[in-house]
Structures are given as structure tokens and as C-alpha cells.
Amino acid sequence: MDNKKLAPSRWLKLIPVIFFTYSLAYLDRANYSFGSASGMADDLHITPSASSLLGALFFLGYFFFQIPGATYAAKRSAKKLVFVCLILWGSCAAATGLVNDIRVLYAIRFTLGVVESAVMPAMLIFLSNWFTKSERSRANTFLILGNPVTVLWMSIVSGYLVHGLGWRHMFVVEGLPSVIWAFFWWRLVKDKPSEAKWLSDTEKKDLEQALLEEQKGMKEVKNYREAFKNPKVIMLSIQYFFWSIGVYGFVMWLPSILKESSGMGIVNAGWLSAGPYLAAIIGMLGVSYYADRTMNRKGAVWVCLLIGAIAFYGSYLIGASNFWLSYSLLVIAGGAMYAPYGPFFAIIPELLPKNVSGGAMALINSFGALGSFVGSYIVGYLNGSTGSPDASFMFMALALVVSVVMTIVVKTPKGNAPDEKMAA
């Protein structure tokens with residue numbers, strides 16, 4: 001069956017909703033960097049080490065609840081889970097603007113991570129219910145594209161909100177849309193094709209048959225325990241840990257790095273912060289198209305990450321001697337780190353059967369959350385203790401190099417066809 005003939009309305013009905021929903025999650029996790037760079041630390045008497053911990057606590061909460069979220073989404077309903085999470089994470093994000101005690105802020109940041117931890121695996125499971133193997137890199141990319149697109153405009157808007165209204169109002173204004181959008185999400189999506197009234201009976205049957213055919217030829221994996229012990233799942237988890245060190249060390253501290261390195265105000269730093277995410281959008285779309293067309297998921301991932309590592313190292317070598325050249329390399333690093341997300345998350349459903357692939361993706365993503373915790377904490381610590389971003393650039397470059405090596409070492413079948421020996 002030609003996938004172009006498989007219910008083309010799926011792309012227009014679901015992808016915009018998916019994109020916007022996950023965009024709100026990134027808005028509420030990334031705007032902390034603007035609050036931290038714009039008076040929040042002074043108002044709440046936050047030391048540099050405490051600021052690093054606050055930035056990282058989100059990811060610690062995010063680490064612990066990935067697998068329970070994936071289990072609920074796979075066995076019950078991704079739609080219900082995301083609905084509840086939208087309301088809770090929007091409320092936590094808005095509450096950040098109301099705190100006067102750093103201890104309360106610690107609790108909010110951790111809770112925000114817990115709530116959002118279920119969303120990524122739930123969304124990936126949701127997409128696997130609607131899109132076939134040859135479509136999955138692009139579908140995943142449109143989901144994760146919410147990250148750079150949101151951070152791009154958020155970097156600009158947050159700069160103006162902080163400048164005009166202060167950091168407290170920024171958190172409140174940017175937190176409430178998630179609560180409102182939850183009710184739109186509830187009305188607009190269905191968990192499975194069989195529940196969608198906007199599909200004809202023929203479209204439902206053809207799509208479900210295509211998805212069922214993909215599962216044929218895969219060796220049975222009885223449960224999550226068996227899947228989690230698989231060497232390839234373990235290797236990909238470690239790979240994503242080191243990759244995430246680079247990504248979130250970058251995301252959480254880029255505005256502060258640019259503000260201090262350039263000597264510019266927060267508004268101009270916001271505009272500059274948008275550059276890497278514009279590169280990321282272009283890179284993600286191009287790389288996902290390439291990966292779906294060639295089925296070379298693995299190659300797309302490690303080449304992009306290697307480019308990111310080289311760019312970080314170049315920025316380290318240049319240091320403060322040439323701000324604009326260093327900034328240009330940061331744009332390349334940011335774009336390269338984001339570009340292969342879609343192909344990466346398309347690998348697991350092609351290696352493991354549907355009953356355990358969601359849990360495996362959750363395990364990998366939880367290791368990514370742990371890497372994000374390490375990256376955001378250590379980058380913040382290095383910046384504060386050295387007074388320069390140079391050491392953190394080197395740290396992120398080394399993390400990406402390890403991720404590149406791990407990607408190359410993982411053995412995947414040619415074209416990432418379903419691996420019948422995967423569970424042997």
C-alpha cells in the first residue's frame with residue numbers, strides 16, 4: 001500500500017495539534033533561562049550554584065516518571081494523559097511567577113519535570129498509532145520541531161516580556177496557554193484511527209492493516225523487562241544521555257552566555273538566542289526527509305552530532321577573542337544537535353514490536369532526562385565558577401563526541417529494517 005494513499009488527511013488533522021501541544025511543553029521548560037538571566041536570581045537571592053540546581057531539577061523529576069507514563073499511554077490512553085499533563089504543567093509554570101521562597105521554587109521545578117515526563121513517550125506512542133514506518137521520521141520531527149520553533153519565538157518574546165513586565169509576569173503569561181489548550185486537545189484528537197469520525201471506513205481499514213503488517217516478522221518480546229535488557233536499547237540509552245548533556249546545557253544557559261559574552265541587554269540576547277533554533281528547524285526538516293527517503297537513520301544521527309561537537313570545540317578555541325565567529329559556531333552547534341531527533345526516535349519502533357517499543361523509548365528518554373540534568377547543572381556551574389563559557393563549550397563538545405561513538409557502535413540492520421534477531 002502506497003503510504004501517500006493512506007488517509008492523507010492525518011497530516012493536516014493531527015500534526016498541527018501535536019506540534020502546538022508539544023511546543024507549549026518546551027515553552028514552559030525553557031523560559032526559566034530568561035528568568036534566571038533577568039532579575040529572578042537577585043529577587044529570590046539565588047546563588048550561582050542554586051541557580052544551576054534549579055535549572056537541572058526539572059530534568060531530575062523528568063527522569064523518574066517516563067516509564068509509568070509510557071505504560072499508561074500504551075495500555076490505556078495517550079489522549080487522557082496529555083490532557084491532564086497540559087493542565088498541570090501550565091499551572092506549575094504560571095506558579096513560578098508567584099513564588100517568593102526558593103524552597104517553593106525547588107518544588108515547582110521538580111514537579112514540572114514530573115508532570116512533563118509522561119508527555120514525550122505518550123506522544124511518540126500516539127504517533128506510532130497513526131503513522132507508518134516510512135512516515136515516522138517526519139511525524140516524529142514535526143512533534144519535536146515544537147522545541148526549536150518554540151524556543152526561537154520564545155527567546156524573542158520572553159526578552160520583551162521580561163524587559164517590559166518583569167520575570168514574574170513572563171512566567172504567568174507563558175504558563176496559562178497550556179491550561180487553555182488542554183480543552184482544545186481533548187476535542188481535536190483520538191487515540192486510534194478506529195475512533196476518528198473524519199476517516200472513512202476504508203481509510204481506517206487500510207491504515208490499520210498497514211500498521212499491522214509492520215509488526216509481522218518481528219521476534220516476540222514478552223515484556224518491558226526483556227526489552228530493557230536488550231544491548232541495543234542499553235546502548236541507545238547511553239547515547240541519548242550524552243547527547244542530551246549537550247542539548248540542554250545549551251538550551252538552559254544560552255541566553256545567559258550570550259548576554260555576558262556580548263555585553264548586550266536581555267532583548268538583544270533574546271534575538272541572538274533565536275539563531276540556533278532557526279538553524280535547527282531547517283536542519284530537522286531536511287534530515288528527517290533524508291532519513292525517511294534513504295532509511296539511513298543511524299548515519300543521519302551520528303553525522304549531525306559530530307558536526308555539533310566540532311562547532312562547540314571551535315567556539316571553545318575562539319573563546320572571547322571574536323564574539324561573532326564564536327556565535328556563528330554556536331548557531332551551527334545548536335542546529336546540528338537538533339537535526340537528527342526525528343530519525344533517532346524512529347529507530348526503536350523498527351527494532352522492537354509494538355507491545356514494548358513505547359516502554360523502550362521511555363527508558364531511552366529517561367536517560368536523556370538524566371543527561372539533561374547533568375548538562376544543565378554542570379554547564380551552569382562551569383559558567384558561574386569560571387566566569388566564562390569556554391569550559392562549558394568543551395564539556396558539551398566531549399559529551400557529543402561520546403554520543404557519536406555510541407551511535408556508530410550500535411549495530412542496526414541495513415536500512416533499519418525490522419530486526420528479527422533483536423530479541424533473540
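How many salt bridges does the rule find across the interface of domain 1 and domain 2? Just one. Keep in mind that this is a predicted model, and that every value below is computed from it.

**The two domains**

Let's start with the layout. The protein chain splits into domain 1, covering 9-216, and domain 2, covering 218-410. Taken over C-alpha atoms, their centres are 18 Å apart. On the domain 1 side, 56 residues make contact with 53 residues of domain 2.

As a general point, people often give the size of an interface as the accessible area lost when the parts come together. Here the area buried between domain 1 and domain 2 comes to about 4600 Å², with carbon and sulfur atoms giving 72% of that. Within domain 1, the residues that lose the most area to domain 2 are Phe-59, Ser-137 and Gln-215, and together they make up 13% of what that side buries.

**Polar links and who supplies them**

Back to that one salt bridge across the interface. The side chains of Arg-138 and Asp-292 meet in a salt bridge, with an N to O distance of 2.8 Å. Polar contacts between domain 1 and domain 2 add up to six residue pairs, counting pairs with both residues at pLDDT 80 or more.

Plenty of helices feed the side of domain 1 that touches domain 2: those giving two or more residues include H1 (9-30), H5 (66-95), H8 (136-144) and H11 (201-215). The largest share comes from H4, with eleven residues. Sorted by class, that side of domain 1 has 28 nonpolar, 20 polar and eight charged residues.

**Two buried residues to click on**

Pro-343 sits in helix H17, residues 341-351. Its relative accessibility is 0%, so Pro-343 counts as buried. Leaving aside residues up to four places away in sequence, Pro-343 touches Ser-137, Thr-141, Val-287, Ser-288, Ala-291, Arg-297, Ala-300 and Val-301. Ser-137 should ring a bell, as one of the domain 1 residues that lose the most area to domain 2. There's also Gly-299 to look at: Pro-343 and Gly-299 are 44 residues apart in sequence, with 9.5 Å between them in space, C-alpha to C-alpha.

Asn-129 is in the loop between H7 and H8. Why does Asn-129 count as buried? Because its relative accessibility is 14%, and the cut-off for buried is under 20%. Not counting residues up to four places away in sequence, Asn-129 touches Asp-191, Pro-193, Leu-211 and Lys-354.

**Positive phi outside glycine**

Most residues other than glycine have a negative phi, and most peptide bonds are trans. Against that background, a couple of backbone angles are worth a look. Ala-7 is a residue other than glycine with a positive phi, near 40°, and Ala-7 belongs to the segment before H1. His-45 has a positive phi too, near 55°, and is placed in the loop between helix H3 (40-43) and H4.

Buried or exposed, where do Ala-7 and His-45 fall? Ala-7 is buried, at 1% relative accessibility, whereas His-45 is exposed, with a relative accessible area of 69%.

Here are the accessibility values side by side:

| Residue | Relative accessibility | Class |
|---|---|---|
| Pro-343 | 0% | buried |
| Ala-7 | 1% | buried |
| Asn-129 | 14% | buried |
| His-45 | 69% | exposed |

Conventions:
Residues numbered from 1 in each chain as written. Predicted model: local features only at pLDDT ≥ 70, side-chain atom pairs only at ≥ 80, totals over all residues. Heavy atoms only, no water. Domains from an automatic or database assignment. Contact = heavy atoms within 4.5 Å. Buried area = accessible area lost by both parts, 1.4 Å probe. Salt bridge = Lys/Arg side-chain N within 4 Å of Asp/Glu carboxyl O. Polar contact = N/O pair within 3.5 Å; in protein donor to acceptor, adjacent residues only side chain to side chain. Helix = DSSP H or I, 4+ residues; strand = E, 2+ residues; numbered from the N terminus. Nonpolar A, V, L, I, M, F, W, Y, C, P; charged D, E, K, R; others polar. Buried < 20%, exposed > 50% of the residue type's maximum accessible area, 1.4 Å probe, protein only.
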